[in-house]
Amino acid sequence: MTSPLLEVRDLRVEFDTAAGPARAVDGVSFAIAAGETVALVGESGCGKSVTAAALLGLVDPPGTVRAGRITFEGRDCTTLDERAWTPIRGRRIGLVFQEPSSALTPVRSVGAHLVEAVRAHERVSVAEAERRALDALAMMGIDEPAMRLRQYPHELSGGLRQRVLLAMALLPGPALLVADEPTTALDVTVQADVLDRLREAQAGRGMALLLITHDLGVVATIARRVLVMYAGQLVEAAPVERLFAEPAHPYTAGLLAARPSAAPAGERLAAIPGTVPPATAWPTGCRFAARCPLAWERCRQEAPALLEVAPGHAARCHLVSEPARRGGGPA
Ligand code: SF4
């Protein structure tokens with residue numbers, strides 16, 4: 001078996017808070033192969049974005065990567081200093097965040113941003129960098145790319161700014177793109193076009209994609225494998241079709257039932273009751289027990305392990321070892 005492009009083992013990230021250490025990411029392990037698209041899903045506050053920040057060496061104080069190992073292209077990146085990150089972050093691992101306004105400097109033109117994205121990593125002329133920038137804008141579906149190069153961020157719509165950011169992230173030819181809610185702020189038709197273009201760009205380059213989202217509609221469109229996070233832990237991992245057809249964790253089943261497309265016409269959307277517990281006080285047993293319709297005594301006392309449900313499918317739930325309970329109600 002070839003080594004994965006990215007391997008994360010037992011990652012633990014903590015934040016020092018007035019209420020004590022908050023373990024935002026607690027023992028997360030996964031791998032991504034070259035060219036693969038993996039979605040990391042879950043509600044706000046479940047640890048998705050902190051996991052992404054750790055992959056890029058971007059956990060800032062008061063946060064610390066307390067334990068674990070991150071290996072990218074065969075290199076241990078867990079303890080790299082800022083200098084060692086330079087040839088990796090932005091070049092080999094691209095990143096795009098949800099809020100395009102804060103990622104673009106208002107006083108610099110689109111062209112200046114894109115030319116720098118090329119020249120920061122490669123010795124090429126400004127003319128060559130501009131040529132590549134035009135190609136990248138066209139690839140992301142931006143009309144009149146030459147005119148856009150001269151514009152400033154405030155002259156673009158939110159959708160165009162997000163396309164510019166994606167073009168910028170793709171320009172250095174990363175082996176992995178980490179995209180944190182890249183289409184959340186966009187309306188549905190723009191979102192579909194941006195996802196299509198991202199998929200095309202990815203296929204043409206053999207680039208892997210780690211897509212962080214709370215939107216299962218986006219996941220179904222683009223991902224091959226899904227990782228579900230809850231309260232700092234991975235609670236389910238499965239190929240996308242299997243996760244949608246046979247979710248093994250009640251939290252995943254709740255997320256699927258809460259999709260707008262899952263509600264019959266005219267009926268209210270289902271919602272998972274309650275909220276994620278605070279990271280300073282994870283419960284002793286299953287972290288989802290207070291919200292789980294299938295919880296019983298064992299769940300409140302004993303933390304479940306991540307167990308294999310089927311090849312390539314694992315879930316952190318006592319129902320994996322006690323499937324007969326699945327038909328039962330609350331205890
Ligand atoms: Fe629900 Fe128990 Fe499974 Fe946790 S372990 S998700 S409480 S059934």
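User: Before we get going, what counts as a cavity here?
Analyst: A cavity is a set of grid points where a 1.4 Å probe fits but cannot get out. The general idea is simple: rolling a probe the size of a water molecule over the atoms shows where empty space is left. Keep in mind that this is a predicted model.

User: Okay, how many cavities of 30 Å³ or more does the structure hold?
Analyst: Just one. The largest cavity comes out at about 90 Å³. It has 15 lining residues, and C286, C292, C299, C317 and H318 are the closest to its centre.

User: What takes up that space?
Analyst: The ligand does; its space is the largest cavity. There are 14 residues around the ligand, with C286, C292, C299, C317 and H318 coming nearest.

User: How do the two sets of residues divide by character?
Analyst: Start with the shell around the ligand: twelve nonpolar, two polar and no charged residues. Then take the cavity lining, which has twelve nonpolar, two polar and one charged.

User: Now the core. Which residues have the most contacts inside the largest one?
Analyst: To read a core, look for buried nonpolar residues joined through side-chain atoms within 4.5 Å. Here the largest has 38 residues, and L6, F30, F72, L176 and L210 have the most contacts inside it. A second core, separate from that one, has 37 residues, including A117, V164, L166 and M168.

User: Let's zoom in on F72. What does it touch?
Analyst: Leaving out residues up to four places away in sequence, F72 touches L5, L6, C77, I88, R92, I93, A175 and L176. Two of these names, L6 and L176, are also on the list of residues with the most contacts inside the largest core.

Note on methods:
Residues numbered from 1 in each chain as written. Predicted model: local features only at pLDDT ≥ 70, side-chain atom pairs only at ≥ 80, totals over all residues. Heavy atoms only, no water. Buried < 20%, exposed > 50% of the residue type's maximum accessible area, 1.4 Å probe, protein only. Contact = heavy atoms within 4.5 Å. Near = heavy atom within 4 Å. 1 Å grid on protein atoms, 1.4 Å probe; cavity = no way out; pocket = protein on both sides within 12 Å on 5 of 7 lines; lining within 4 Å. Sits in = over half its atoms within 2 Å of the grid points. Nonpolar A, V, L, I, M, F, W, Y, C, P; charged D, E, K, R; others polar. Points joined across faces, edges and corners; volume = space filled by probe spheres on them.
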